[in-house]
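Grab a pencil and let's work through some charged side chains together. Have a look at the sequence and the structure before you start.

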Amino acid sequence: MLPLGLPHRQAELRSLPYRPQLRRGRGRFGVAGTAAPLLSGLNAAADLARALGHDDRAATWAEAAGRLSDAIAKRFAPLGYQRTVDGLHGRDSAAAFMAPPFNTAPSDLPDALDSTYDALLRPNGGVVPGDDPGHNWGTSTWTPSTSFFGLAWAGLGEQEKAGRVLDWVLSKRNVLGELPEKVDNDGNPASVVPLGWTDSLFVLTLLQLDRDEALPVPPQAR
């Protein structure tokens with residue numbers, strides 16, 4: 001799939017009458033929740049292409065990863081990895097995507113994660129996905145967004161913080177032992193259950209905490 005798939009997708013995008021925008025919610029600006037996973041994917045694609053002997057394509061994806069990495073450092077990092085590069089849409093739990101096992105964490109990420117978590121924390125002990133002033137997230141919190149921080153902190157070696165997140169998520173199981181998508185203001189499971197997204201994040205965090213070394217991260221392609 002690698003030799004044909006990625007160039008084919010590039011051609012598809014070029015043929016569209018418009019160019020897709022990096023957007024999430026409101027605002028047509030680059031968003032952390034898109035840029036960070038894309039960086040991870042480009043680094044992984046370059047590494048895989050090189051391993052399979054596709055050096056030209058490896059160079060293409062490595063160049064793209066380098067440009068994106070530079071742009072993230074220039075535009076997102078000074079804002080503490082907020083949701084958008086215009087600084088108008090608040091914090092975003094997706095800042096955790098800049099941490100292992102998705103990306104090699106920048107040196108300023110730990111402080112950004114702490115401040116983001118504090119901004120998104122709600123009285124029931126979980127976090128909301130963001131604090132965009134133009135959107136009302138209500139009083140319910142989201143187990144995936146909360147789990148992002150647990151996985152990120154585990155990858156950064158902050159085991160105590162990661163453990164607290166795991167304990168909170170585990171305490172929100174329903175009577176069948178399933179993890180829900182949301183937790184209401186009273187601390188009860190709410191919305192979709194079970195949620196595979198939260199389940200997978202929980203397992204990844206446990207795996208990371210059980211290892212002496214970090215889970216593999218796509219190598220930075222340059």
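Here are three short exercises on salt bridges in this predicted model.

**Exercise 1.** Work out whether Asp92 is buried or exposed, and do likewise for Arg83, its salt-bridge partner.

*Solution.* Start with the contact: the side chains of Asp92 and Arg83 meet in a salt bridge, with N to O at 2.8 Å. That fits the cut-off, which asks for a nitrogen within 4 Å of a carboxyl oxygen. Next, check the accessibility. Buried means under 20% relative accessible area. Asp92 has 0% relative accessibility, so Asp92 counts as buried. Arg83 comes out at 4%, so Arg83 is buried as well.

**Exercise 2.** Find out which parts of the chain the pair of Lys161 and Asp114 links.

*Solution.* First, the contact: Lys161 forms a salt bridge with Asp114, and their closest N and O atoms are 2.9 Å apart. Now place both residues: Lys161 sits in helix H6 (residues 159-170), while Asp114 belongs to helix H4 (residues 109-120). The two are 47 residues apart, and the pair links distant parts of the chain.

**Exercise 3.** Which residues are linked with Lys161 in a network of salt bridges?

*Solution.* You've already met Asp114, which bridges to Lys161. Add Glu158: its side chain meets that of Lys161 in a salt bridge at 2.8 Å, N to O. Put together, Asp114, Glu158 and Lys161 form a linked network. How exposed are the acids? Asp114 has a relative accessible area of 23%, so Asp114 is partly exposed. Glu158, at 21%, is partly exposed too.

Note on methods: Residues numbered from 1 in each chain as written. Predicted model: local features only at pLDDT ≥ 70, side-chain atom pairs only at ≥ 80, totals over all residues. Heavy atoms only, no water. Buried < 20%, exposed > 50% of the residue type's maximum accessible area, 1.4 Å probe, protein only. Helix = DSSP H or I, 4+ residues; strand = E, 2+ residues; numbered from the N terminus.
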